[in-house]
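Hello,

Here is the structure I said I would pass on to you. Have a look at it first, and then read on for what turned up in it.

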Amino acid sequence: MNILILGGTGFVGHYLQPFLAKQGHHVSVLGRMAFADHFDLTQRLNDQDIVISLTGENIGKRWCDTYKKALVSSRVETSEKLKCALEACSNPPKRIIAASAIGIYPESDCQHPLDESFDPFSVQDDSNFLASLGQAWEQANAKLTPQPVTLRFGVVLGKNGGALAKMVPPFKLGLGGPVAGGKQCFSWVHIHDLARAVAHIIEHPELGGAFNVCAPTPLSNDAFGKTLATQLRRPYFIPLPLWQLKLMFGEGAKVLTYSSAILPTRLLESGFKFEFSNAKVALQDILK
């Protein structure tokens with residue numbers, strides 16, 4: 001198939017493009033330039049079988065009012081531009097796969113996980129920026145034609161980027177420890193399983209709606225940190241308190257303290273099988 005990845009120059013896109021190409025697809029990638037005023041996005045969308053939208057500024061940075069606006073605009077405004085470009089196509093894509101995130105759900109603990117049966121739009125909490133951002137993102141994507149398949153990613157683990165790129169250096173220095181107490185739940189996915197999930201959706205055109213893309217085994221931040229320290233053969237005892245996180249990331253510290261226990265029920269019910277459902281095995285593969 002002809003597949004176009006928008007926002008494909010980031011961590012996930014860099015892995016996904018060669019993965020899909022090895023399966024015989026013709027995969028092209030566009031970064032931010034796709035949404036520049038001078039760029040003819042419609043021309044690039046024409047004759048594509050599938051468009052995969054991964055657009056959005058990195059959530060894992062220090063938030064200020066300006067950056068929070070950038071987080072919203074890089075998702076909502078790009079979706080609006082994509083909508084206009086699709087409407088102008090003479091031969092539009094047959095399917096759209098749009099990224100989202102499990103932050104759209106309200107906080108949950110490991111004993112009471114949530115899955116796609118929970119409607120995140122049933123909860124309106126303006127004080128929860130992560131959830132509000134996710135809702136605005138998915139509402140903008142819902143206006144696309146054809147209706148997209150929505151993939152709500154957990155914390156993506158892989159080499160040379162993502163969450164581990166920030167976690168491994170201090171852990172290697174022996175500075176690992178529980179973050180803000182460590183009790184918050186951590187829903188993650190190996191980047192290889194993420195790519196396999198995208199391929200699974202492509203191979204099954206009958207699938208639609210929203211899918212959680214995260215391993216079926218959420219665990220506490222403390223348990224994950226201990227597992228990472230063990231794999232790196234480093235100690236794990238220096239806590240990172242909430243006040244220090246806020247000094248470093250401002251309101252963006254919420255990304256590290258948000259408790260999110262999410263299950264990929266619909267993905268499993270569709271016949272998908274995770275290769276990495278155990279955090280220890282996943283980290284062994286990534287860090288080897």
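Let me begin with a cysteine that stays unpaired: the sulfur of Cys-89 is 11 Å from the closest cysteine sulfur, which belongs to Cys-84, and that is too far for a bond. Cys-89 is buried, with a relative accessible area of 12%. Please keep in mind throughout that this is a predicted model. Another cysteine, Cys-64, is partly exposed at 43% relative accessibility.

Which cysteines do form a disulfide? They are Cys-110 and Cys-185, whose sulfur atoms are 2.1 Å apart. The structure holds one disulfide. It ties together distant parts of the chain, since Cys-110 sits in the loop between β4 (95-101) and α4 (129-141) while Cys-185 belongs to strand β7 (residues 185-186), 75 residues apart. The link of Cys-110 and Cys-185 is right-handed, with 105 degrees about the S-S bond. As for their surroundings, Cys-110 is partly exposed at 28% relative accessibility, whereas Cys-185 is buried at 2%. As general background, a disulfide is a covalent bond between the sulfur atoms of two cysteines.

Next, the strands. β1 (2-6) and strand β2 (residues 26-30) pair in the parallel sense over five bridges, and Asn-2 stands opposite His-26 in β2. To get from β1 to β2 the chain passes through α1, in a right-handed β-α-β crossover.

β4 has a parallel partner in β3, with four bridges between them. Here Val-51 has Ile-96 of β4 as its bridge partner. The route from β3 to β4 runs through helix α3 (residues 65-87), and this β-α-β crossover is right-handed. β4 also pairs in the parallel sense with β5, over five bridges, and the bridge partner of Ala-99 in β5 is Leu-151. Together β4, α4 and β5 make a right-handed β-α-β unit. Why is β4 described as largely enclosed by the rest of the structure? Because six of its seven residues are buried.

Now for the nonpolar interior. The largest nonpolar core has 32 residues, and Leu-20, Ile-52 and Leu-151 touch the most other members. Two or more residues come from each of β1, α1 (11-22), β3 (50-53), β4, β5 (149-153), α6 (191-203) and β9 (210-213). Of these, α6 gives the most, with eight residues. Beyond its neighbours within four places in sequence, Leu-151 is in contact with residues including Ile-97, Ala-98, Val-198, Ile-201, Phe-211 and Val-213. Another core, of 18 residues, lies apart from the largest one, and among its members are Leu-157, Leu-228, Ala-229 and Leu-283. In soluble globular proteins, nonpolar side chains tend to be buried together.

A charged residue is worth a look too. Arg-152 is placed in strand β5. Is Arg-152 buried or exposed? At 5% relative accessibility, Arg-152 counts as buried, because the cut-off for buried is under 20%. The side chain of Arg-152 makes a polar contact with the side chain of Tyr-105, at 2.7 Å. Leaving out residues up to four places away in sequence, Arg-152 also touches Pro-120, Phe-121, Glu-138 and Asn-212, among others.

Finally, a few spots in the backbone and on the outside. Most residues other than glycine have a negative phi, and most peptide bonds are trans. Against that background:

- The peptide bond from Thr-145 to Pro-146 is cis, with omega near 0 degrees, and Pro-146 lies in the loop between α4 and β5.
- Asn-160 has a positive phi, near 65 degrees. Asn-160 is in the loop between β6 (155-157) and α5 (162-172), and is exposed at 82% relative accessibility.
- Arg-233 also has a positive phi, of about 55 degrees. Arg-233 is found in the loop between α7 (221-232) and α8, and is exposed at 76% relative accessibility.
- Trp-243 belongs to helix α8 (residues 242-249) and counts as exposed at 56% relative accessibility. Trp-243 and Ala-253 are ten residues apart in sequence, with their C-alpha atoms 9.4 Å apart in space.

Enjoy exploring the model!

Best wishes

Definitions and conventions
Residues numbered from 1 in each chain as written. Predicted model: local features only at pLDDT ≥ 70, side-chain atom pairs only at ≥ 80, totals over all residues. Heavy atoms only, no water. Disulfide = S-S within 2.5 Å. Buried < 20%, exposed > 50% of the residue type's maximum accessible area, 1.4 Å probe, protein only. Core = buried A, V, L, I, M, F, W, Y, C linked by side-chain atoms within 4.5 Å. Contact = heavy atoms within 4.5 Å. Polar contact = N/O pair within 3.5 Å; in protein donor to acceptor, adjacent residues only side chain to side chain. Pairing = 2+ DSSP bridges. Right-handed = clockwise from strand over helix to strand, strands pointing away.
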